[in-house]
Amino acid sequence: MSESARSSKSECTNSGVVFAADLGGTHLRVATVDQSGKIHFRLKQNTPQAKTPDEIVRALVLAVRECEKHCDAVGEVIRAISVVVPGSIKADAGVVVKAPNLPCLDGFNLTAALAAELRRPAILENDANAAAIGEMWQGAGRDRRTIVCVTLGTGVGGGIILDGKLWRGVNDSAAEIGHMCVDPFGGVACTCGSRGCLEVYASATAIVRMTREARLRYPESVLHTSENLTSEEIYRAGTRGDDLALEVFRRMGVYLGIGLANLINILNPEMIVIGGGVANGWDLFAKHMNHEVAERAFPLPAAEVKIVPAECGDDAGLLGAARLWFSANQLSV
Ligand SMILES: [Zn+2]
C-alpha cells in the first residue's frame, strides 16, 4: 500500500460498514464506508498489472484484510464487498463483460470469486454508474431525483439516474454518454469502433490530441514544442492566456455542450454533474459549453437544468459502491 489515511470519523456503528473498491486501470482505491456516507478508513495502491483474474482477486482480498485490521481495532464489521470497474458488467450476475484497461477480467465472475474468498456478499457496478450514485448521495446531486453524471477522464463515462433509480438499460449497457456522436462528418476515430464520439473531443486524451494537431498553427504557444503534453499542462497554459490552450478548451467545451444539449432534450434532468480530472478545467470550457446548451437545448428544460462540477472527487465511485449495497433495493438511491 503506497498511501493510507484514517478519517477523523472512525467511530463504531452498529450497522457495520461496506468495503468499497474502485478498481481503476491505474489505481485501486478502497475504503470502508458506513450507511451515513462516512468514509472510516481508506487505502490506495497501484492496480496490479495482472495477467490473470486471480491476481486482482488477491489484491482485493489483501485490501479487505488491511481494512479488517482497522475495523477490529474500532469494533466495526465489514458486512459486504462492493466493487466498481471501468468497463461493462452484468450487475445481477456479478460478471465483468469487458474492461479495456483490465482485460484479464473480461468474462470473469468477480463477485463469485470474492464472495467465496471472503465469505461475505459481493456486488459489482460500472465505475461511472457508481460515480453518479455517489454524487447523488453525498455530492453535487444531493436532494435531486433525476440527474446525469458525466465523467471526463482518460475517457468519458456516464451515469443516468431517473426518478431516483439508476438507469442501466435492458442489458446493463445504458449511459455510454462518451460514445454519443457529436461530429458525424469526418469525425475522429474512437476506440469503440465508431467515429466522432464525445470521448474523442472531451476527454483528457482528446485535449492532448487536439493540442498536438493544432500547435503547428500556434508557433508562439508555450505548448508548441512540449514533449510530453498532459491535459493539466495545457490547462495551466490556458490560465496564463495561451491562445492554443484556450482554443483547445473552447473546442472541447463546444463539443461537450452539444452532447449535453442532446441529453437535456431527451432526459429533461434536474442536474448534470460533471466530474473527472478534465472538469478541473471548468473556468476554460464552461462558457463555451453553456453557450452551446443555450443554442441547442429546448428553452424549458434548459432553464431548469443545473450544470455543475462534481463534488466527491475520487471518492464518488467508492461512495456510490457503498450506497448500492446500503440501498434496500439495489437499483434505488
Ligand atoms: Zn466511441
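Helices here are DSSP runs of at least four residues and strands are runs of at least two, both numbered from the N terminus. Keep in mind that you are looking at a predicted model.

**Stop 1: the whole chain**

Start with everything shown as a cartoon. The chain has 10 helices and 13 strands. Its radius of gyration is 20 Å, close to the 20 Å that the globule rule gives for 333 residues, so the chain is as compact as a globular protein of that length. Turn the C-alpha trace around its principal axes and you'll find it spans about 60 × 45 × 40 Å.

Now switch on the surface. About 15200 Å² is exposed, with carbon and sulfur atoms supplying 49% of that. Of the 333 residues, 55% count as buried. Take the contacts between residues at least 6 apart in sequence: 64% of them join residues at least 24 apart.

**Stop 2: the zinc ion**

Hide the surface and select the zinc ion. Which residues coordinate it? They are His-179, through ND1, plus Cys-190, Cys-192 and Cys-197, each through SG, at 2.0 to 2.3 Å. Show those side chains as sticks and check the angles among the 4 donor atoms: they run from 103 to 121°, and the site is tetrahedral. For comparison, the ideal angle for four tetrahedral donors is 109.5 degrees.

If you have the sequence alongside, look for the spacing H-x10-C-x1-C-x4-C, which is how the donor residues are laid out. Two of the cysteines are worth a click for their cover. Cys-190 has 9% relative accessibility, so it counts as buried. Cys-197, at 1%, counts as buried too.

**Stop 3: helix α5 and Thr-211**

Next, select residues 204-214, which make up helix α5, and pick out Thr-211 in it. Is Thr-211 buried or exposed? Its relative accessibility is 0%, so Thr-211 counts as buried. Leaving aside residues up to four places away in sequence, Thr-211 touches Leu-223, Leu-229, Ile-234, Leu-244 and Val-248.

Thr-211 has buried company in α5: Ala-204, Ala-206, Ile-207, Val-208, Met-210 and Ala-214. What do the buried residues of α5 pack against? Bring up α4 (199-202), α6 and α7, and you have the partners.

**Stop 4: aromatic pairs**

Now show the aromatic rings. The structure holds 3 aromatic pairs, and we'll visit two of them. Go to Tyr-235 and Phe-249, an edge-to-face pair with 6.2 Å from centre to centre and 70° between the planes. Tyr-235 sits in helix α6 (residues 231-239) and Phe-249 in helix α7 (residues 243-267), so this pair ties together parts that are 14 residues apart in sequence. Tyr-235 is partly exposed, at 22% relative accessibility, while Phe-249 is buried at 2%.

For the other pair, select Trp-282 and Phe-285. They are edge-to-face as well, with 5.6 Å between centres and 65° between the planes. Where do these two residues lie? Both are in helix α8 (residues 282-296), 3 residues apart, which is about one turn of the helix. An α-helix has 3.6 residues a turn, so residues three or four places apart point the same way. Finish by clicking on Phe-285: its relative accessibility is 0%, so Phe-285 counts as buried.

Definitions and conventions. Residues numbered from 1 in each chain as written. Predicted model: local features only at pLDDT ≥ 70, side-chain atom pairs only at ≥ 80, totals over all residues. Heavy atoms only, no water. Phe/Tyr/Trp six-rings, centres within 6.5 Å; stacked < 30°, edge-to-face > 60°. Buried < 20%, exposed > 50% of the residue type's maximum accessible area, 1.4 Å probe, protein only. Donors = N, O, S within 2.8 Å, 3.2 Å for Na, K, Ca; no water. Tetrahedral: all angles 85-135°; square planar, octahedral: opposite > 155°, others 65-115°. Rg over C-alpha atoms; globule rule 2.2 N^0.38 Å. Contact = heavy atoms within 4.5 Å. Areas by Shrake-Rupley, 256 points an atom, 1.4 Å probe, with all protein chains shown as cover.
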